[in-house]
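Hello,

Here is the structure I said I would pass on. My notes on it follow below.

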Amino acid sequence: MAGAALLGRLIWRVATVTRVVDETPRVRTLELQVPGWPGHVAGQHVDVRLTAEDGYRAERAYSLGSAPGEPPMITVERLEEGEVSPYLTEDVRLGDAFEVRGPIGGYFVWRPNDGGPLFLAAGGSGVVPMRAILRHRRNSMSEVRVRLLYSSRTIEDVIYREELDGEEVVHTLTRAQPPGWTGYARRVDPDLLREVAWSAEDEPLAFVCGPTSFVESVAAGLVELGYAPKRIKTERFGATGER
Amino acid sequence: MEALDGNAIGGILYHVFGREMTMAQAECVCGARGPLAECEVYLGGPGVVVRCRVCHNIVMVLVEVREMTCVDLSGLSELELPGWR
């Protein structure tokens with residue numbers, strides 16, 4: 001696109017729910033069929049728009065949890081005060097439709113040519129774009145080394161639990177641990193990062209996604225370990241973002 | 001209110017600028033420079049407020065009024081779109 005101003009419009013498209021997977025008591029994955037879907041890159045998100053009968057509209061951004069080439073999938077955590085997530089996690093049924101626009105984002109994305117080694121750090125539903133990256137790496141037979149550090153409150157809150165068993169994942173459970181738990185049981189801190197993250201000498205590429213406080217402390221910890229700030233990609237979500 | 005980042009407004013920015021914008025390099029009047037994705041973003045108010053991650057000055061405000069998005073870029077000294085040079 002060098003030198004050319006190629007302007008496009010991001011249009012709202014109708015997405016139909018073709019599959020529903022309950023991931024945890026509060027988290028649900030929706031597979032979507034979106035006519036005209038242009039395909040996406042691992043790490044991108046979509047905006048979801050709901051319109052009430054009186055015309056009131058609410059929009060929220062949700063990361064795509066599926067790899068390029070797979071149908072778009074969003075994984076939504078229910079926020080009690082939310083305007084959009086209660087519908088997407090409780091009321092929505094197979095065949096229901098709502099509007100989406102996307103895919104969106106060019107910063108928090110990974111393509112096999114970007115290389116690694118990859119260090120992924122996720123807090124809560126921040127694991128959603130990481131699954132897209134992990135799946136894309138696997139599907140593309142990439143030999144880039146990857147390790148995921150995943151912080152959850154309890155074992156029941158771990159999203160994609162079975163699928164992640166096949167990956168190199170280090171879990172930390174910050175609020176409660178099941179009997180016999182031998183893994184980490186605290187919030188991610190510099191010592192934990194030092195033990196889990198790739199050495200800075202390997203010039204890793206890091207992706208950090210989760211609530212703002214998680215992202216800021218992990219990113220700062222990685223810089224402390226010597227990671228190049230330009231190779232630390234961050235994505236924050238919160239109650240207002242409803243990722 | 002908790003700050004998010006520029007990723008959260010990728011859709012709105014695309015709508016306004018007609019292209020992917022989170023990788024656009026934003027330079028604040030303080031001299032700090034980086035991709036829009038790394039700026040602080042506040043979504044809780046009536047509009048979207050984007051602040052510099054270094055000096056916290058407002059670099060961009062987007063407000064939607066009757067289907068029209070009004071954009072104030074006066075806090076930016078430069079906005080470089082990748083591939084436009």
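Helix 5 of chain A covers residues 212-224, 13 residues in all. From its first C-alpha to its last it reaches 18 Å, close to the 18 Å expected at 1.5 Å a residue. Please keep in mind throughout that this is a predicted model.

Which residues of helix 5 of chain A are buried? They are Phe214(A), Val215(A), Val218(A), Ala219(A), Gly221(A) and Leu222(A). These residues are on the same side of helix 5 of chain A because they cover an arc of only 160 degrees around the axis. Ala220(A) and Glu224(A), on the other side of the helix, are exposed.

The cover over the buried residues of helix 5 of chain A includes four strands and a helix of chain A: strand 7 (118-123), strand 8 (146-152), strand 10 (205-211), strand 11 (232-237) and helix 4 (190-196). After helix 5 of chain A comes Gly226(A), which has a positive phi, near 105 degrees.

Next, chain B. Strand 2 of chain B, residues 25-28, has two faces: Ala26(B) and Cys28(B) are on the covered one, Gln25(B) and Glu27(B) on the uncovered one.

Strand 2 of chain B pairs with strand 3 of chain B (residues 33-35), running antiparallel and joined by 3 bridges. Across this pairing, Glu27(B) of the uncovered face stands opposite Arg33(B) in strand 3 of chain B. The two strands form a hairpin with 4 residues between them. In the turn, Gly31(B) has a positive phi of about 105 degrees.

Strand 2 of chain B also pairs with strand 8 of chain B (residues 76-80), again in the antiparallel sense, over 4 bridges. Here Ala26(B), from the covered face, stands opposite Leu79(B) in strand 8 of chain B.

Last, the interface. How many residues of each chain are in contact with the other? The count is 22 residues of chain B and 24 residues of chain A. On the side of chain B that touches chain A, strand 1 (4-5) and helix 1 (10-17) of chain B each supply at least two residues. Helix 1 of chain B gives the largest share, 4 residues. Sorted by class, that side of chain B has 9 nonpolar, 8 polar and 5 charged residues.

Regards

Terms used:
Residues are numbered from 1 along each chain as its sequence is written. Chains are lettered from A and ligands numbered from 1 in the order in which they are written. This is a predicted model: local features need pLDDT of at least 70, side-chain atom pairs count only at pLDDT 80 or more; totals for chains, interfaces and linings use all residues. Two residues are in contact if their C-beta atoms, placed from the backbone, lie within 7 Å. Ala, Val, Leu, Ile, Met, Phe, Trp, Tyr, Cys and Pro count as nonpolar, Asp, Glu, Lys and Arg as charged, and the others, Gly among them, as polar. A residue is buried if 20 or more other C-beta atoms lie within 10 Å of its own, exposed if 12 or fewer, and partly exposed in between; C-beta atoms are placed from the backbone. Two strands pair if DSSP finds at least two bridges between them. The expected span of a helix is 1.5 Å times one less than its number of residues. The arc is that of the directions from the helix axis to the C-beta atoms.
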